[in-house]
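Reader: I am new to this structure and would be grateful for a guided reading of it. Please take me through the ligand and its surroundings.

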Amino acid sequence: MELLERRIRESGVVKPGQVLKVDSFLNHQMDVALFREMARAWGREFADRPVNKVMTIEASGIGLAAIVGDELGLPVVFAKKAQSINLDGSVHTAQITSYTHKRDYDVIVSKRYIGPDDHVLIIDDFLANGCAMEGLIAICQQAGATIEGIGIAIEKGFQQGGALLRERGFKVCSLAIVESMDHETGRIEFR
Ligand code: 5GP
């Protein structure tokens, strides 16, 4: 998506460790008009899929997913970082390794908000190694829900997540795919 790529070039900062900082418009301060255009792009891409729910993960996917839900007229559910373990069996759970924070955490979704009748469009800000996405997929699978597609704002194409998901047959629509980026020069190449 040209608009998003341009914004990444203008405002993105390449940090050491292959981390792209886009918190001026995506995951701290949010450019909601840009989110609206992104939501429309995903809407067109997944128009042929019988989606009835949008799903994401706390925290930085929530803003994007909310606009997607509004655009498509669908409910939005986000996986919450769990404070306590699943004592009463009322939630689906998965463990995720955080790329940016380098630690493991559990996420939960209540069984009330995802089940076998759901056809889910998963939305997230970044796709790197795919750990966050694997967690969301595991939760959908536990719930017996169907994953209709995965919408990603920025895929880091030089990491394995996108390739692994596509190999497994998921329809992944990344609006910008970074082929390479360089911390020294600040240069960012898109696929
Ligand atoms: P993965 O689980 O695919 O390895 O990483 C995805 C998650 O890590 C995203 O939800 C995002 O929050 C975070 N992440 C991964 N790479 C980057 C990055 O380059 N920049 C930022 N801001 N977040 C990232």
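The exchange below treats the ligand site and then two backbone details.

Author: This is a predicted model, in which local features need pLDDT of at least 70, side-chain atom pairs count only at pLDDT 80 or more, and totals for chains, interfaces and linings use all residues. Residues are numbered from 1 along each chain as its sequence is written, and side-chain values use heavy atoms, with hydrogens and water left out.

Reader: How many residues surround the ligand?
Author: A residue is counted when one of its heavy atoms lies within 4 Å of the ligand. Among those counted, the closest are L20, A128, G130, A132 and K156. The number of residues around the ligand is 17.

Reader: Which element gives the largest share of the shell around the ligand?
Author: Elements here are DSSP runs numbered from the N terminus: helices (H or I, at least four residues) and strands (E, at least two). Those that give two or more residues to the shell include β2 (19-21) and α4 (131-143). The largest share, 4 residues, comes from β7.

Reader: Which residue has a polar backbone atom 2.7 Å from a nitrogen atom of the ligand?
Author: A polar contact is a pair of N or O atoms within 3.5 Å. One ligand oxygen atom is 2.8 Å from a polar backbone atom of A132, and an oxygen atom of the ligand is 3.1 Å from an N or O atom in the side chain of D124. For the ligand nitrogen atom at 2.7 Å, the backbone partner belongs to L20.

Reader: What does UniProt place at L20, N27 and K156?
Author: L20 is found in strand β2. UniProt positions are given in the numbering used here, with shortened feature names, and annotations may be inferred rather than shown by experiment. At L20, N27 and K156, the unreviewed entry places the feature "binding site".

Reader: In which helix does C131 lie?
Author: C131 also appears in a UniProt "binding site" listing (unreviewed entry), together with A128, N129, G130 and A132. The helix that holds C131 is α4.

Reader: Which residue is joined to E58 by a cis peptide bond?
Author: Most peptide bonds are trans. Here omega is about 0° for the bond in question. The partner lies in the loop between β3 (53-57) and α3 (62-72). The residue joined to E58 is A59.

Reader: What is the phi of Q18?
Author: Most residues other than glycine have a negative phi. Q18 lies in the loop between β1 (13-15) and β2. Although Q18 is not a glycine, its phi is positive, at about 60°.

Notes:
A polar contact is a pair of N or O atoms within 3.5 Å; within protein, one must be able to donate a hydrogen and the other to accept it, and residues adjacent in sequence count only if both atoms are side-chain atoms.
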